[in-house]
Amino acid sequence: MEEIKKDEIHLRHVETDVLIPKMMREKAKEICIEKVEAFNHCCKDSGFLMVLKCREQNAALKECLTIHYKDPAFFEECKQEYIKEKIEFLTTGVATKNRKQKLPTSM
């Protein structure tokens, strides 16, 4: 089978506008985990008053996430990771999610 090169991969509109931004959101949440946890903790403790009580945590979380969403280098990093996963899928036929799942130790 021929090897697929990164520069030969064409990305569809849905990949650049939906799938890569989705990957960016997931990675940004991992990077901003402390702010995510602080906001979640505040919301759990505040109940219906979370809109008022958690403004500070919400603002800090939004700021952290937005920094990454607007970073062209972060977009490029996620795009390259997406392309790598796409090439692996095209060559193996196995999606990344399925490869990352652990196999059961006993059957």
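Reader: Where does helix H1 bend, and by about how much?
Author: H1 bends by about 25° at Leu19, taken as the angle between axes fitted to the seven residues ending there and the seven starting there. A proline, Pro21, follows within four residues. This is a predicted model, where local features need pLDDT of at least 70, side-chain atom pairs count only at pLDDT 80 or more, and totals for chains, interfaces and linings use all residues. Residues are numbered from 1 along each chain as its sequence is written, and side-chain values use heavy atoms, without hydrogens and water.

Reader: How do you know what span H1 should have?
Author: Helices are DSSP runs (H or I, at least four residues; strands are E, at least two), numbered from the N terminus. The expected span is 1.5 Å times one less than the number of residues. H1 has 19 residues, so the expected span is 27 Å, and the end C-alpha atoms, 26 Å apart, agree with that.

Reader: Why is Glu15 called buried or exposed?
Author: Buried means under 20% relative accessible area, exposed over 50%, and partly exposed in between (1.4 Å probe, protein chains only). Glu15 has 1%, and therefore counts as buried. Arg12, at 48%, is partly exposed.

Reader: What makes Arg12 and Glu15 a salt bridge?
Author: The term asks for a side-chain nitrogen of Lys or Arg within 4 Å of a carboxyl oxygen of Asp or Glu. For Arg12 and Glu15 the closest N and O atoms are 3.6 Å apart, so the pair qualifies. Glu15 also pairs with Lys86, at 3.0 Å from N to O. Because Lys86 sits in H5 and Glu15 in H1, this bridge ties together parts 71 residues apart in sequence. Arg12, Glu15 and Lys86 are thus linked in a salt-bridge network.

Reader: Which other residue of H1 forms a salt bridge with H5, and how is its burial judged?
Author: That is Lys27, whose side chain meets Glu81 at 3.0 Å, N to O. Lys27 in H1 and Glu81 in H5 are 54 residues apart. Lys27 has a relative accessible area of 19%, so it is buried, while Glu81, with 27%, is partly exposed.

Reader: What makes the nonpolar core a core, and which residues touch the most other members?
Author: Such a core is a set of buried Ala, Val, Leu, Ile, Met, Phe, Trp, Tyr and Cys residues joined through side-chain atoms within 4.5 Å. The largest one holds 16 residues, and Leu11 and Cys78 touch the most other members. H1, H4 (55-69) and H5 (72-92) each give two or more residues, with H5 giving the most, five.
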